[in-house]
Amino acid sequence: MDMISLLMLLGFALATFGAGATGAIFRPGEWYKRLDKPAWRPPDRLFAPVWALIYATIALSGWLVWREGGLSDAALPLTVYTLQLMLNAAWSPIFFGLHRADLAFFEIILVWLSIAATILLFYPISAGAAVLLLPYLAWVSFASVLNFAIWRRNPSPVRV
């Protein structure tokens with residue numbers, strides 16, 4: 001791997017984990033502890049390692065498309081990729097920061113749609129890159145259902 005390719009991989013990793021950093025800034029806290037959550041919700045300790053692995057695959061996926069298509073030939077797919085990262089970054093501030101499970105649910109639907117669009121756009125350039133995003137889509141599907149369940153169980157804002 002040449003230096004440019006390595007730097008681009010690092011850039012994709014920084015951008016991806018940077019988007020994920022909002023989850024470290026906007027943490028669950030007391031508000032989340034007081035919410036009525038479904039029994040099937042995974043333990044809190046599971047979320048960070050799952051997201052870390054998913055963010056690694058997101059970064060690798062974007063880098064693979066850049067490597068195969070370059071910025072000019074993959075401009076639209078990489079733009080949608082960037083959009084899904086920005087939408088991903090917005091969920092934690094909405095859910096944990098604003099305490100708005102309702103708005104977060106509608107926002108996570110946009111995340112899901114943007115991931116699906118990214119997969120469809122990545123596939124012709126790099127099937128491997130598209131496949132790397134499937135666990136992300138599955139996890140966000142699960143997170144969407146969980147977000148919806150929490151919203152429906154807690155229709156009124158819970159105050160700390």
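In this predicted model, Arg-100 makes contact with Ile-94 and Phe-95 once residues up to four places away in sequence are set aside. Arg-100 belongs to the loop between α5 and α6, and its relative accessibility of 33% places it in the partly exposed class. A further relationship connects Arg-100 with Pro-155: the two residues are 55 positions apart in sequence, yet their C-alpha atoms are 9.8 Å apart in space.

The loop that holds Arg-100 also contains His-99, and it runs between α5 (75–97) and α6 (101–122). The backbone of His-99 has a phi near 60°, a positive value in a residue other than glycine. Most residues other than glycine have a negative phi. His-99 is partly exposed, with 27% relative accessibility.

Phe-95, one of the contacts of Arg-100, is also a member of an aromatic cluster that comprises Trp-31, Tyr-32, Trp-91, Phe-95 and Phe-96. Across the whole structure, 19 aromatic pairs were found. One of these joins Trp-51 and Tyr-55 in a stacked arrangement, with ring centres 5.1 Å apart and an angle of 25° between the planes. Both residues lie in helix α4 (residues 44–73); because they are four residues apart there, about one helical turn separates Trp-51 from Tyr-55. Tyr-55 is buried, at 8% relative accessibility. An edge-to-face geometry is found instead for Trp-91 and Phe-96, whose ring centres are 5.5 Å apart and whose planes meet at 90°. Trp-91 has a relative accessibility of 18% and therefore counts as buried, the limit being 20%. Phe-96, at 14%, is likewise buried.

Tyr-55 is also among the contacts of Thr-16. Thr-16 is located in helix α1 (residues 3–20) and is buried, with a relative accessible area of 0%. Beyond its neighbours up to four places away in sequence, Thr-16 touches Tyr-55, Ile-58, Ala-59, Tyr-81 and Leu-85. Leu-6 is likewise placed in helix α1, but with 42% relative accessibility this residue is partly exposed. Leu-6 contributes to a nonpolar surface patch together with Met-1, Met-3, Leu-7, Leu-10 and Leu-14, and the accessible area of the patch is about 670 Å².

Charged side chains also meet aromatic rings in the model. The charged end of Lys-37 is placed over the ring of Tyr-32, at 4.6 Å from the ring centre; Tyr-32 is itself part of the aromatic cluster described above. A comparable arrangement involves Arg-152, whose charged end lies over the ring of Trp-151 at a distance of 5.0 Å from the centre.

Five salt bridges were counted. One of them pairs Asp-36 with Arg-153, with an N to O distance of 3.1 Å between the side chains. This pair connects distant parts of the chain, since Asp-36 lies in the loop between α3 and α4 whereas Arg-153 lies in helix α8 (residues 134–153), 117 residues away. Both partners are partly exposed: Asp-36 has a relative accessibility of 39%, and Arg-153 has a relative accessible area of 40%.

Another salt bridge, between Lys-33 and Glu-30, has its closest N and O atoms 3.6 Å apart. Here the two residues share helix α3 (residues 29–34), and because they are three residues apart, they are separated by about one helical turn. Their exposure classes are not alike, as Lys-33 is exposed at 60% relative accessibility, while Glu-30 is partly exposed at 42%. A salt bridge is also formed by Asp-44 and Arg-41, whose closest N and O atoms are 2.6 Å apart. Asp-44 has a relative accessible area of 45% and is partly exposed; Arg-41, with a value of 22%, is partly exposed as well.

Key: Residues are numbered from 1 along each chain as its sequence is written. This is a predicted model: local features need pLDDT of at least 70, side-chain atom pairs count only at pLDDT 80 or more; totals for chains, interfaces and linings use all residues. Side-chain values use heavy atoms; hydrogens and water are left out. Buried means under 20% relative accessible area, exposed over 50%, partly exposed in between (1.4 Å probe, protein chains only). Contact means heavy atoms within 4.5 Å. Patches are made of residues with over 30% relative accessible area and no salt bridge: like charges are joined within 9 Å, nonpolar side chains (Val, Leu, Ile, Met, Phe, Trp, Tyr) within 5 Å. Accessible areas come from the Shrake-Rupley method with a 1.4 Å probe; for residues, only the protein chains shown count as cover. A salt bridge is a side-chain nitrogen of Lys or Arg within 4 Å of a carboxyl oxygen of Asp or Glu. Rings of Phe, Tyr and Trp (its six-membered ring) pair if their centres lie within 6.5 Å; planes under 30 degrees apart count as stacked, over 60 as edge-to-face and the rest as tilted. A charge sits over a ring if NZ of Lys or CZ of Arg is within 6 Å of the ring centre and within 35 degrees of the ring normal.
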